[in-house]
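Biologist: I would like a close look at one part of this model, the place where two helices pack against each other, and then at how charged side chains link parts of the chain. Please take me through it slowly, one contact at a time.

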Amino acid sequence: MLDADTRTAILKLAAEGRGKHFIAEALGVSRNAVKRVLKQGDATPAVKPRPERAEPFAARILALYTDCKGNLVRVREELAAEGIVLAYSTLTAHCRRAGIGVVPKTPVGRYEFAPGEEMQHDTSPHRVTVGGVARRLECASLTLCHSRVIFAQCYPRWNRFWCKVFLTEALRFLGGAAARCMIDNSHVVLVGGSGARAIVAPEMVAFGERYGFTFVAHEKGHAERSGRVERGFHYVENNFYAGRTFADVPDVNAQLRVWCEQRSAIFKRAIGAVPASLYALERTVLKPLPRHLPEVEEIHERVVDS
């Protein structure tokens, strides 16, 4: 089908007295196409409505959809058994247009946070090339929800000990803690339950009390509740690892720390501000760090003979 610009050119050349052969060669179209445009006399393409093959069987499709419990493959098979042959793509397109089985997407919640109200913590497995070898590292991240300042580090292993190591470093980096730390239902922090019924491990409760915050888990199926930290992982994967080389894991973390500092100084269109500027206010209301930050310890029991 000729576009509107080509049709306009055909009509303009014809109005100037040019012949069909000249117009066809000048515009690189067939003479029959030129004849059709001149016969129509309009620059707007004539759009022929495409026949809906499934429309005559709309009532039967709706009935079968209910009988087959929403399985469109079975609906198509039943239609074929009745002599109604439809391509699967034709059937699904008809169901979308008719709203059959279409569940409208529920917009995710939008959350606003006051300075120092909440920080979010999570981990994500990443494939990172370290020393020329691709390795699986656990990337841990902590984000202040108001200012969007992010701190991330990578670890070869991830357990409760390394979680406390990371959080200690993150709180040092941020200069304090928000009132609560939102997490997913991770067994590293929890010992049971989920969401509002989550049971935080006693040693993690004690860790939070030392720094003045509490752990809170979001309900299952509500991943958007930790969206601040989740978006950060995509940012790290696509904007940090690309084009960088790492000698070892400490080198990864050293570069990642510098990268986090640089990201905080860049204007974010989503919040219409520079995170570092918002952080200057938020830091004044964060829970201050204790005067003494004890080193994280892991107790190992060993039984030996005489």
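Modeller: Contact here means heavy atoms within 4.5 Å, and the model is a predicted one. By that criterion, L72, V73, V75, R76 and L79 in helix α5 meet Y88, L91, T92 and C95 in helix α6. The residues of this contact divide into seven nonpolar, one polar and one charged. Helix α5 covers residues 72–81 and helix α6 covers residues 88–98, and their axes come within 10 Å of each other while crossing at roughly 115 degrees. The crossing of α5 and α6 is right-handed.

Helix α6 also takes part in a salt bridge, since R97 lies in that helix while its partner E52 lies in the loop between α3 (31–40) and α4 (58–67), so the pair ties together parts that are 45 residues apart in sequence. The side chains of E52 and R97 meet with an N to O distance of 2.3 Å. Of these two residues, E52 is partly exposed, with a relative accessible area of 24%, whereas R97 is exposed, at 57%.

A search of the whole structure finds 12 salt bridges, and two further ones involve E203. In one, the side chains of R160 and E203 meet at 3.7 Å, N to O; this pair links distant parts of the chain, with R160 in helix α7 (residues 160–174) and E203 in helix α8 (residues 202–211), 43 residues apart. R160 is partly exposed, with a relative accessible area of 23%, and E203 is likewise partly exposed, with 39%. In the other, K164 forms a salt bridge with E203, the closest N and O atoms being 2.9 Å apart, and this pair again joins helix α7 to helix α8, its residues standing 39 apart in the chain. K164 is buried, with a relative accessible area of 12%, because buried is taken as under 20%. Elsewhere, salt bridges that share partners join R74, E77 and E78 into one network.

For the wider setting, the model also has an open sheet of five strands, in the order β3-β2-β1-β4-β7 and with mixed pairing. Strands β3 (150–155) and β7 (214–217) stand at its edges, each with a single partner strand, so one side of each is left without a neighbour in the sheet. The twist averages 30 degrees from one strand to the next.

Definitions and conventions. Residues are numbered from 1 along each chain as its sequence is written. This is a predicted model: local features need pLDDT of at least 70, side-chain atom pairs count only at pLDDT 80 or more; totals for chains, interfaces and linings use all residues. Side-chain values use heavy atoms; hydrogens and water are left out. Axes are lines fitted to C-alpha atoms, for helices over the stretch in contact, and angles run from 0 to 180 degrees between N-to-C directions. Helices (H or I, at least four residues) and strands (E, at least two) are DSSP runs, numbered from the N terminus. A crossing is left-handed if the near helix is turned anticlockwise from the far one by less than a right angle, and right-handed if clockwise. Ala, Val, Leu, Ile, Met, Phe, Trp, Tyr, Cys and Pro count as nonpolar, Asp, Glu, Lys and Arg as charged, and the others, Gly among them, as polar. Two strands pair if DSSP finds at least two bridges between them. A salt bridge is a side-chain nitrogen of Lys or Arg within 4 Å of a carboxyl oxygen of Asp or Glu. Buried means under 20% relative accessible area, exposed over 50%, partly exposed in between (1.4 Å probe, protein chains only).
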